[in-house]
Amino acid sequence: FSVGDIIWAKQQRCPWWPAEVADVASVPEGVKKHRRPNQICVMYLGYSCRKGSTRDYGFVGEGCALPFQEHAERMKAQKLGNRDRPVLFREAVAEAEACFVVGGDGNGADAPEGALGATGEDAAPGTGPRCDSCGTQLKSGEGGSGGLRPGLCRSCMRC
């Protein structure tokens, strides 16, 4: 996997979770000390249930990382208990899927210029304004010019 790839990552006693392969240099210092040889550094998609507006990072072995699109249907159907935070899981899956809608390859590298922030009035139905940060379609009342951070969805405004 390469930095920026969207994958499914698995930690012990946790469900498979959407994640982005991260550059070790960009993660918090406290995370780096848990690195072991031959592990992939990931940033889990969705926001931390403990901290609300931050991301969680970790390291997973090669066998605990799978390509997102190839395994999406099976992983989305996995059984989740309440302690597995099913609402946060669905938000993380939506964030991961948005990467493929916008970028096509799971890392956004080939996204057309301005695709993440497209707000054209003449857009086709279902292709309205998108968050400038994550690319998810904005709901009514989100991302307006009156906010402190226009063009962002509610999740991205928290960071």
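Author: Two strands pair if DSSP finds at least two bridges between them; strands (E, at least two residues) and helices (H or I, at least four) are DSSP runs numbered from the N terminus. The model is predicted, so local features need pLDDT of at least 70 and side-chain atom pairs pLDDT 80 or more, whereas totals for chains, interfaces and linings use all residues. Residues are numbered from 1 along each chain, and side-chain values use heavy atoms, without hydrogens or water.

Reader: Which residue in S3 stands opposite glutamate 20?

Author: Strand S2 (residues 17–21) pairs with S3 in the antiparallel sense, over three bridges. In S3, the residue opposite glutamate 20 is methionine 43.

Reader: In S4, which residue is the bridge partner of glutamine 39?

Author: Five of the six residues of S3 (residues 39–44) are buried (under 20% relative accessible area, 1.4 Å probe, protein chains only), so the rest of the structure largely encloses this strand. S3 and strand S4 (residues 56–61) run antiparallel, joined by six bridges. Glutamine 39 has as its partner in S4 glycine 61.

Reader: Within what arc do the buried residues of H2 fall?

Author: Helix H2 (residues 68–76) buries Phe68, His71, Ala72 and Met75. These residues line one face of the helix, because the directions from its axis to their C-beta atoms fall within an arc of 145°.

Reader: At what distance does a polar contact join glutamate 95 and arginine 55?

Author: Glutamate 95 belongs to helix H3 (residues 86–103) and counts as buried at 12% relative accessibility. Its side chain and that of arginine 55 form a polar contact (a donor and an acceptor, N or O, within 3.5 Å; for residues adjacent in sequence, both must be side-chain atoms). The distance is 3.0 Å.

How values were computed. Buried means under 20% relative accessible area, exposed over 50%, partly exposed in between (1.4 Å probe, protein chains only).
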